[in-house]
Amino acid sequence: MSLLELSNVTAGYGPTPVLFDISMQINKGELACLLGRNGVGKTTLLRSIIGLNSLTKGSIIFDADDISKMPTFKRAKYGIAYIPQGREIIPYLSVLDNLKLGMAASGKKSKKIPEEIFDFFPMLKEHLSRQGGLLSGGQQQQLAIARGLMSNPKLMLLDEPTEGIQPSIVQEIEDTLKRINKEKEITVLVIEQKIDFARQLAEKFFMMEKGVIVAQGETEELTDSLVNQYLAV
Ligand SMILES: Nc1ncnc2c1ncn2[C@@H]1O[C@H](COP(=O)(O)OP(=O)(O)OP(=O)(O)O)[C@@H](O)[C@H]1O
């Protein structure tokens with residue numbers, strides 16, 4: 001069953017279009033990756049789904065509701081979590097307060113961090129009172145994902161979660177995203193540049209080129225020739 005359905009989505013910055021007539025569908029429970037060279041519009045596509053870029057044409061249906069014109073905070077309440085590139089955790093707030101911000105996004109008022117957050121990210125429990133900005137890049141990325149999880153989303157959108165992160169943490173992030181997807185049944189769409197990571201992580205892929213989806217399918221169908229055609233620089 002479809003969780004997210006984009007039809008003819010066209011968007012950009014001011015008068016400059018970046019996305020052209022994008023139609024795509026992600027089913028409930030899927031773990032999909034969005035691939036493409038720098039500048040093809042991957043970030044703009046995620047921003048359009050969460051409402052940070054408005055559409056000039058087309059529609060976005062999420063869980064059977066048309067969210068195309070909904071403000072971002074409402075989309076978050078509806079169950080979409082966005083973990084942007086660069087993570088955007090608040091550096092001078094503690095890990096605990098950063099996590100609480102994620103809860104606020106969903107409109108929930110509970111003061112307690114659910115234990116499952118520490119089950120997915122044990123490291124965070126040891127650093128709860130530390131300023132977010134003092135964590136390593138990999139730890140900040142884990143905090144950003146945990147913060148997204150705090151809103152109890154149906155869909156998580158992640159923009160290059162492994163960028164600039166050491167290999168051991170990349171593996172941890174891969175394992176945790178798979179667990180979140182399987183155990184919490186959260187649908188995941190992740191932008192990724194590392195093709196090996198994408199192949200191991202995702203079961204489905206979308207390939208973008210110049211603002212258009214040019215190929216999609218099961219990850220097994222992500223052939224070397226597609227990779228060479230659309231990802232090689
Ligand atoms: N705030 C902005 N204002 C104007 N143009 C922008 C803005 N952000 C991105 N663009 C342009 O939109 C196009 C798509 O950028 P986008 O960041 O969506 O691509 P991307 O595939 O995510 O690339 P990257 O991997 O480098 O993040 C690029 O040409 C970029 O220069």
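1. Let's start with helix H1, which is mostly covered in this predicted model: eight of its nine residues are buried. The buried ones are Lys42, Thr44, Leu45, Leu46, Arg47, Ser48, Ile49 and Ile50. Note that Lys42 and Arg47 are on that list along with the leucines and isoleucines.

2. H1 is also worth a look for the ligand. The helix, residues 42-50, gives the most to the shell around the ligand, with three residues. The full set surrounding the ligand is Tyr13, Val18, Gly36, Asn38, Gly39, Val40, Gly41, Lys42, Thr43 and Thr44. Sorted by class, that shell has six polar, three nonpolar and one charged residues.

3. Now for how H1 sits against the strands. On one sheet, H1 lies across E1, E2 and E4, and the helix runs at about 70° to E2. H1 also lies across strand E3 (31-35), E6, E7, strand E8 (187-191) and E9, with an angle of about 150° to E7.

4. The four-stranded sheet is open, with antiparallel pairing and the order E2-E1-E4-E5. Its edges are strand E2 (16-27) and strand E5 (65-66), each of which pairs on one side only. Strand E1 (residues 2-13) and strand E4 (residues 55-62) are joined in the antiparallel sense over six bridges. If you want a register check, Thr10 stands opposite Lys57 in E4.

5. The six-stranded sheet is open too, but its pairing is mixed, in the order E6-E7-E8-E3-E9-E10. E6 and strand E10 (212-218) form the edges, each pairing on one side only. From one strand to the next, the twist averages 15°. E6 and strand E7 (residues 155-159) pair in the parallel sense over four bridges, and Tyr82 has Leu157 in E7 as its bridge partner. At the other end, strand E9 (residues 204-209) and E10 pair in the antiparallel sense over six bridges, with Met208 opposite Ile213 in E10.

6. Although E6 is an edge strand, both of its faces are covered. In this strand (residues 80-83), Ile80 and Tyr82 are buried on one side, and Ala81 and Ile83 are buried on the other.

7. In soluble globular proteins, nonpolar side chains tend to be buried together. Here the largest nonpolar core has 59 residues, and those with the most contacts inside it are Cys33, Leu34, Ile80, Leu157, Val190 and Phe205. Leaving aside residues up to four places away in sequence, Phe205 touches Ala32, Cys33, Leu35, Ala198, Gln216, Gly217, Thr219 and Leu222.

8. Is Gly51 buried or exposed? Gly51 counts as buried because it has 21 C-beta neighbours inside 10 Å, where the cut-off is 20 or more. This glycine is in the loop between H1 and E4, just after H1, and takes a positive phi of about 100°. Not counting residues up to four places away in sequence, Gly51 touches Met70, Pro71, Thr72 and Arg75. The C-alpha atoms of Gly51 and Ser68 are separated by 7.7 Å, with the two residues 17 apart along the chain.

9. Glu116 makes a useful contrast. This residue lies in helix H4 (residues 115-120), and Glu116 is exposed because 12 other C-beta atoms lie within 10 Å, and 12 or fewer counts as exposed. Glu116 and Met156 are 40 residues apart in sequence, and their C-alpha atoms are 17 Å apart in space.

Terms used: Residues are numbered from 1 along each chain as its sequence is written. This is a predicted model: local features need pLDDT of at least 70, side-chain atom pairs count only at pLDDT 80 or more; totals for chains, interfaces and linings use all residues. A residue is near a molecule or strand if its C-beta atom, placed from the backbone, lies within 6 Å of it. Helices (H or I, at least four residues) and strands (E, at least two) are DSSP runs, numbered from the N terminus. Ala, Val, Leu, Ile, Met, Phe, Trp, Tyr, Cys and Pro count as nonpolar, Asp, Glu, Lys and Arg as charged, and the others, Gly among them, as polar. Two strands pair if DSSP finds at least two bridges between them. Two residues are in contact if their C-beta atoms, placed from the backbone, lie within 7 Å. Axes are lines fitted to C-alpha atoms, for helices over the stretch in contact, and angles run from 0 to 180 degrees between N-to-C directions. A nonpolar core is a set of buried Ala, Val, Leu, Ile, Met, Phe, Trp, Tyr and Cys residues joined through C-beta atoms within 7 Å.
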